[in-house]
Amino acid sequence: MNVDQVAFGQVATTLAKNFDSMYYVDVETDGFIEFFHSEMLDSLNLPEQGTDFFAFLSEQARKVVHPDDLEYVLQLIDKDAIMKKLSENNSSLVVFRFVLNGKIVHICHFSIMCEDKKHILGCIKDIENEYQEREEQDRLLKSIETLARLDDLTGIRNKHAYSEHVEAIDEQIRDGDPDLAFGVVMCDINDLKRINDSRGHSFGNEAIQKACRMISEVYENSEVYRVGGDEFVVIMTGDDYVRREELLENLKEESEANLRSRSGPVVSCGMAVYDPGVDKAFDEVFQRADGFMYENKKELKSGKKVERSERERGADRVIPIERKRNLDSLFGAIFTTVGEGYVFLADLKYDFSRWSLSLINDFGLSSEYMYHAEKIWEKNIHPDDIPRYLEVVDAVLWGNSELYSISYRARKADGNYVVLKPRGFVLCDSNGEPDYFGGIIIPQ
């Protein structure tokens, strides 16, 4: 035996002590050979070689993977999924459960890219002992990137993974990525606290899991995150982004059906899309989606199905460039004729508005351009004055009047309240539908 054969034998012996199975795979042909497997896997009658490793992997998974983990495992051991992960990190890891001889065993499956980029090593390791010992489990959770980013209860991505994704999107926004397009769906489970209080946390956990499955099945091509006890966020891209209106309606209809039948989770949801001409950060898109979610929650709690107006449907879309130009022209015309006060103008079809820079600076708002501005501005209004403000806003948005004059208190950036007297008007389109709402706000 030459030196290379001795070295290889030593490596194989070392690996055999640390793993329960190892395969050598040609990724160009998918052919494979088995180096070894432990006694734990004897009952599976594993072949010593084969012609389609990934089909073999999928077949074995269906035989021995725990039913609750199977769908998750099949997605991660797909050839495209493994190769994508290997192209990024040269290694891929999946943790799941086997059912062997009637016993549940936690398993770790490693895929490692060889230096020639044409072969990979597939390894299986029994990690049940680590799961039985808490200190070892903690060490494993910290060392395994995948588990560190998964929610324990639902198996989907957790808040840590969400924060990382948000940071990546914010970097793309700062870099001015011309191809960046995404939407955000905010979801919240209705009455989870009541379920926990009346039926116990086990029922509450089941409700969370069912809601997670419902959301994930609707947005099957997007990343779904559990960001709080009863809160989920979907970041839509690709086909889900293109079909966002349809998918949102599907989710709402399923929740409404569950509400009527009392047979499943009721999820409030709201959606917003990224506007590169306006949004300076991911959070601005999220806040709009969150606002629409609370509107949907009110609707569901009222027990009434409300038809969405053209304004509401438009608010889920990015305002076209021509509409934005028209808004700017009208705003400029108003601004040049006003001697004092703050100027505002809103496109009601797209729920998009422009506000005076002086108002933005004085009241600490984020931008002179805003979607869903009435909800953002509401946060500055004195709590005692909000009912009257909302009454007028509803009248404007539903076109019940043409001229408004009220007074209310609003909190400035320094925390002090001032009395404001807005005077507004509504411009209608050729069909008599409210098109723009604008006016001035005069400090008293």
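Me: Two strands pair if DSSP finds at least two bridges between them. How many bridges join strand 5 to strand 6?
Reply: Strand 5 and strand 6 (residues 119–126) run antiparallel and are joined by 7 bridges. Helices (H or I, at least four residues) and strands (E, at least two) are DSSP runs, numbered from the N terminus.

Me: What kind of model is this?
Reply: It is a predicted model, in which local features need pLDDT of at least 70 and side-chain atom pairs count only at pLDDT 80 or more, while totals for chains, interfaces and linings use all residues. Residues are numbered from 1 along each chain as its sequence is written, and side-chain values use heavy atoms, with hydrogens and water left out.

Me: Back to strand 6, then. Which residue stands opposite C123?
Reply: F110 of strand 5 stands opposite C123 in strand 6. F110 also stands opposite L93, and 10 bridges join strand 5 (residues 103–113) to strand 4 in the antiparallel sense.

Me: How many residues lie between strand 4 and strand 5?
Reply: There are 2 residues between them, and the two strands form a hairpin. N101 in the turn has a positive phi of about 50°.

Me: Is strand 4 enclosed or open? How many of its residues are buried?
Reply: Strand 4 (residues 91–100) has 7 of its 10 residues buried, so it is largely enclosed by the rest of the structure. Buried means under 20% relative accessible area, exposed over 50%, and partly exposed in between (1.4 Å probe, protein chains only).

Me: And over the chain, what percentage is buried?
Reply: Of the 444 residues in the chain, 46% are buried. The chain has 18 helices and 17 strands.

Me: What order do the strands have in the open sheet of 6?
Reply: The order is 3-2-1-6-5-4, with antiparallel pairing. Strand 3 (49–50) and strand 4 stand at the edges with a single partner strand each, so one side of each has no neighbour in the sheet.

Me: Which strands does helix 2 touch on that sheet?
Reply: Helix 2 (residues 53–64) packs on the sheet and touches strand 1 (21–26), strand 2 (32–37), strand 4, strand 5 and strand 6. The direction of helix 2 makes about 35° with that of strand 4. Axes are lines fitted to C-alpha atoms, for helices over the stretch in contact (heavy atoms within 4.5 Å), and angles run from 0 to 180 degrees between N-to-C directions.

Me: New topic: what is the order in the open sheet of 4 strands?
Reply: That sheet has the order 8-9-7-10, with antiparallel pairing. Strand 8 (223–226) and strand 10 (267–273) are at its edges, each with a single partner strand, so each has one side without a neighbour in the sheet. Neighbouring strands here are turned by 20° against each other on average, direction ignored.

Me: How many bridges pair strand 7 with strand 9?
Reply: Strand 7 (residues 183–189) pairs with strand 9 (residues 231–236) over 6 bridges, in the antiparallel sense. One bridge partner there is M236 in strand 9, which faces G183.

Me: Which helix lies across strand 8 and strand 9?
Reply: Helix 8 (residues 159–175) lies across both, running at about 130° to strand 8.

Me: Last one: at what angle do helix 9 and helix 10 pack?
Reply: Helix 9 (residues 192–199) and helix 10 (residues 201–218) pack at about 145°, and their axes are 7 Å apart. In this contact, L192, I195, N196 and R199 of helix 9 meet H201, F203, G204, A207 and I208 of helix 10.
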